[in-house]
Amino acid sequence: MIKKITMMSVVGVVLVILLALSMPSNSDKKNTETSDLIVKGDVIMPTKVSRPGCEVLDICYIPSSIIVEKGKQVTWVNQDSAFHSVTSGFYDEPTELFDSGHLDPFESFSLTFDESGKYDYFCTLHPWMKGQVIVE
Ligand SMILES: [Cu+2]
């Protein structure tokens, strides 16, 4: 009977330790989930780029040129209060490789690049907005 009680308390102690160990990892998970809600993105469309001027400093998309490995995904986030797009090619010469369509404010768009090369893109609403993805 005493042996059984000892066993029970050992099991109890082990359980308490396991619970204590799992606590921090649970809160870690919670933190990750929270940060997942905030889409950071690889390229952002900053505020006020719906008016010409951002092209002077090449900051219509930030960064305006991004280098990624083949097979990697690129995410754009529209942080402006206006609509924007991520459309392949140039304003006067679209390539029809990809087109995000009109992105609402804070909407994001992701693309995976499987082939290496240079991919120019622009915004169909604002011809001065230009960017480039370089896939290596
Ligand atoms: Cu735009």
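1. Two strands count as paired if DSSP finds at least two bridges between them. Strand β4 (residues 87-90) and strand β7 (residues 117-122) meet this with 2 bridges, and they run antiparallel. Thr87 stands opposite Phe122 in β7. Helices (H or I, at least four residues) and strands (E, at least two) are DSSP runs, numbered from the N terminus.

2. The model is predicted: local features need pLDDT of at least 70, side-chain atom pairs count only at pLDDT 80 or more, and totals for chains, interfaces and linings use all residues. Residue numbers start from 1 along each chain as its sequence is written.

3. On confidence: pLDDT is the predictor's confidence in each residue, from 0 to 100. The protein has a mean pLDDT of 84, and 71% of its residues reach 70 or more. Over residues 25-36 the pLDDT is below 50, and this stretch has 0 contacts in the model beyond near neighbours in sequence. A contact here is a pair of residues whose C-beta atoms, placed from the backbone, lie within 7 Å.

4. The protein has 2 helices and 8 strands. Read from the N terminus, the order of elements is α-β-α-β-β-β-β-β-β-β. Of the contacts with a separation of 6 or more, 65% are between residues 24 or more positions apart.

5. Burial is counted from C-beta atoms placed from the backbone: a residue is buried if 20 or more other C-beta atoms lie within 10 Å of its own, exposed if 12 or fewer, and partly exposed in between. By this count, buried residues make up 19% of the 136 residues in the protein.

6. One open sheet has 3 strands in the order β1-β3-β6, with mixed pairing. Its edge strands are β1 and β6, each of which pairs on one side only. Neighbouring strands of this sheet are turned by 20° against each other on average, direction ignored. For such angles, axes are lines fitted to C-alpha atoms, for helices over the stretch in contact, and the values run from 0 to 180 degrees between N-to-C directions.

7. The mixed pairing of this sheet can be followed strand by strand. Strand β1 (residues 43-45) pairs with strand β3 (residues 73-78) in the parallel sense over 3 bridges, and Val43 has Trp76 as its bridge partner in β3. Between β3 and strand β6 (residues 108-112) the sense is antiparallel, over 5 bridges. Here Thr75 has Ser110 of β6 as bridge partner, and Trp76 stands opposite Phe109 in β6. Trp76 thus appears in both pairings: as the partner of Val43 and opposite Phe109.

8. The other open sheet to check has 5 strands in the order β2-β8-β7-β4-β5, again with mixed pairing. The edge strands are β2 (65-68) and β5 (93-99), each pairing on one side only. Neighbouring strands of this sheet are turned by 35° against each other on average, direction ignored. The pairing of β4 with β7 described in point 1 runs antiparallel.

9. Some backbone geometry deserves a look. Most residues other than glycine have a negative phi, and most peptide bonds are trans. The peptide bond from Ile62 to Pro63 is cis, with omega near -5°. Pro63 is found in the loop between α2 (54-57) and β2. Asp58 lies in the loop between α2 and β2 as well, and its phi is near 60°, a positive value in a residue other than glycine. Asp58 is partly exposed, because 13 other C-beta atoms lie within 10 Å.

10. Glu96 also has a positive phi, of about 60°, although it is not a glycine. Glu96 lies in strand β5, an edge strand of its sheet. Is Glu96 buried or exposed? With 8 C-beta neighbours inside 10 Å, Glu96 counts as exposed.

11. Leu125 lies in the loop between β7 and β8 (130-135). Which residues does Leu125 touch, not counting those up to four places away in sequence? They are Phe83, His84 and Ser85. Leu125 and Val86 are 39 residues apart in sequence, with their C-alpha atoms 10.0 Å apart in space. Leu125 counts as partly exposed because it has 15 C-beta neighbours inside 10 Å.

Key: Contact = placed C-beta atoms within 7 Å.
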